[in-house]
Amino acid sequence: MCGIVGYVGDKPVLPLLINGLKRLEYRGYDSAGVAVIDEGQLWYKKKQGKISGLELEINGVDSKASIGIAHTRWATHGEPSERNAHPHFDQDYKIAVVHNGIIENYVQLRDSLLADGYRFYSETDSEILVHLIAMCYDGDMAFAIRKALQLVRGTFGILVLSSYEPDKLFAARRGSPLVIGIGDEENLIASDGSALVEHTRDVIYLEDDEMAVVDKKGAKVRTLQDKTVFKAVEKLPFDLTHLQKGGYAHFMLKEIFEQPDTIWDSMRGRLLVEDGNAKLGGLQNCIERMAHSSRLIITACGTSWHAALIGEYLIEKYANIPVEVEYASEFRYRDPIVSRVDTVLAITQSGETADTLAAVREAKQKGALALGLCNVVGSTIARETHAGVYLHAGPEIGVASTKAFTSQVITLALIALALGRMSHLSAEDGREIAQALKKLPDKMHSILKQANHIESIAKKMVTHHHALYLGRGFNYPVALEGALKMKEISYIHAEGYPAAEMKHGPIALIDAQMPVIFIAVKDAVYEKVISNIEEVKARGGWVIAVVSDGDDTCTSLCDEVIEIPHTIQSLMPVLTVIPLQLLAYYTAVIKGCDVDQPRNLAKSVTVE
Ligand code: M6R
């Protein structure tokens, strides 16, 4: 979603801002803009479309500016256009504002500003901020911003630049992240550490209702009520190499191929193979309470919600705790029955998803133990939950989540193992699970070696407009995930179902034009799935199946098979999802789609 970057120092700011925006491209956007102060005056450029277009217009501009702000916009209020792109300006062009988030009462505020004679240039909710600040300005910019923000309802991460105080950047947040990068005689602010890391890894995370005044010497943080706060300087947990493609054509492909390492990073130091157990430092102080919860509610969105479904199966199987899985967007609004005896676990790669954050707040407000399973270190959900576990999968840049999913499943398996060993799971059973976990990276490698074979299947996939993904048991959520991957990056309409549900409706769609992708590995429901494949074949469907190594039955029955090594049933999803990620990837590439930045999608969904 929208991205913010700002710089103050001695370097030429325009190329630096463009570079910062490029680091935020992965979040998804439709227009971009910059504003700088050059010789005491505000100067700006905005452009609809890719940052490269903005860059072209800026190249050749002779500017000595060394302070500026920039933004990538993902349209919410008003179409993607140059007019609606940020920064927005007051009428005298003395103040520029970039904004992430949504101002909920903007209609009322806009009406009253219009009545006072203010003119609006865009259709955005964000523009009201700059007029409010101008209205409140009386010689002290920090005061004006604080006063203006008292009038708004909603979420914001804002950066303000003004020729009234030309050496300072002003930043404030409520519900939309901002990180300050501390450099040597230069400082930066961004909505995401990836725009900072090539300048500095020393950062200060702004909390909700805090405001920073930043110049090249340092950053002063106070609350929006003007109280001093002490902020610790922390280290970004990644470096520039994590943000580069490392020889791969796309970040998504790199991230798919990283998975043997990233799942191991999620297990490292936590998996106790000899003891048949797992130790999760982040849960140390609350695992007892979790184990004695009357139930565990897992809440998440998108891919993380699919991981949550697998978590439900894992935790119920090994730990015997009742688990419910709920879309965060539903959980937050339906006044769920949650109390002190419940644990709510939020799963999120970004740690910033607005719906998941709201669900966490709802759970906390109702007295539940609120835990987080996040990838992004220092993210809002990681900081707002009572405790939690990091995935340690490293930055995920591709909009389509891949390595975060497998690390989420691995971490859930570790939680299930630890909880199980606290109750009825024997050391012997625990060791079987732990050993299977340890062997997964090697098994993943052997699947990744089949990339060319999967690419050849993708070549046949591209002519189709629809696809059905079917799996049962632990592989039902994998069917959902495979379908989501296919639709979000290749724009082929794909649906996932529990295989047995097919005959209750979707079977009507089966004909020779309908690819049906089965997960048909040798597990407890294998024979049932074979019957479902027969049903599709009997109706002329084109069957692609992910099967266990050496499965002759499936090889003769299906049109295409992808063979994968065996592991215990509960961990199969970590392996079965890999061919589906690759199938979606190659299909999208062959179709010429923008794999890393699919249309309309944002990496981190910070609005409702
Ligand atoms: O950062 P989160 O895990 O909270 O994000 C949740 C979803 O927005 C995310 O998984 C989305 O569905 C991805 N595009 C899936 O590839």
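Domain bounds here come from an automatic or database domain assignment. The model is predicted.

**Exercise 1. Divide the chain and place the ligand shell on the division.**

Solution.
Step 1. List the domains: domain 1 covers 2–242, domain 2 covers 245–441 and domain 3 covers 450–593.
Step 2. Assign the shell around the ligand to domains: domain 2 and domain 3 each give at least three residues to the shell.
Step 3. Go down to helices: α9 (302–319) and α16 (476–490) each contribute at least two shell residues.

**Exercise 2. Describe the shell by number and class, then find the polar contacts of the ligand.**

Solution.
Step 1. Count the neighbours, using a cut-off of 4 Å between heavy atoms. The ligand is surrounded by 15 residues, and S304, Q349, S350, T353 and E488 are the closest.
Step 2. Sort the shell by class: five residues are nonpolar, eight are polar and two are charged.
Step 3. Look for N or O pairs within 3.5 Å. In the side chain of E488, an N or O atom is 2.4 Å from an oxygen atom of the ligand. For T353, a polar side-chain atom is 2.5 Å from a ligand oxygen. With Q349 the partner is a polar backbone atom, 2.7 Å from an oxygen atom of the ligand.
Step 4. Evaluate the cover: on its own the ligand has 410 Å² of accessible area, and the protein covers 91% of this.

**Exercise 3. Quantify the interface between domain 2 and domain 3.**

Solution.
Step 1. Take the centres over C-alpha atoms: those of domain 2 and domain 3 are 26 Å apart.
Step 2. Count contacts: 31 residues on the domain 2 side touch 26 residues on the domain 3 side.
Step 3. Choose a size for the interface; it is often given as the accessible area lost when the parts come together. For domain 2 and domain 3 the buried area is about 2300 Å², with 78% from carbon and sulfur atoms.
Step 4. Find the leading contributors in domain 2: H306, Y313 and L440 provide 23% of the area it buries against domain 3, more than any other three residues.

**Exercise 4. Identify two backbone exceptions and locate them.**

Solution.
Step 1. Recall the usual case: most residues other than glycine have a negative phi, and most peptide bonds are trans.
Step 2. Check omega: the H86 to P87 peptide bond is cis, with omega near 0°. P87 sits in the loop between β4 (67–73) and β5 (88–89).
Step 3. Check phi: H392, not a glycine, has a positive phi of about 60°. H392 belongs to the loop between β21 (387–390) and α13 (403–422).

Key: Residues are numbered from 1 along each chain as its sequence is written. This is a predicted model: local features need pLDDT of at least 70, side-chain atom pairs count only at pLDDT 80 or more; totals for chains, interfaces and linings use all residues. Side-chain values use heavy atoms; hydrogens and water are left out. A polar contact is a pair of N or O atoms within 3.5 Å; within protein, one must be able to donate a hydrogen and the other to accept it, and residues adjacent in sequence count only if both atoms are side-chain atoms. Accessible areas come from the Shrake-Rupley method with a 1.4 Å probe; for residues, only the protein chains shown count as cover. Helices (H or I, at least four residues) and strands (E, at least two) are DSSP runs, numbered from the N terminus. Ala, Val, Leu, Ile, Met, Phe, Trp, Tyr, Cys and Pro count as nonpolar, Asp, Glu, Lys and Arg as charged, and the others, Gly among them, as polar. Buried area is the accessible area (1.4 Å probe) that two parts lose on being put together, summed over both.
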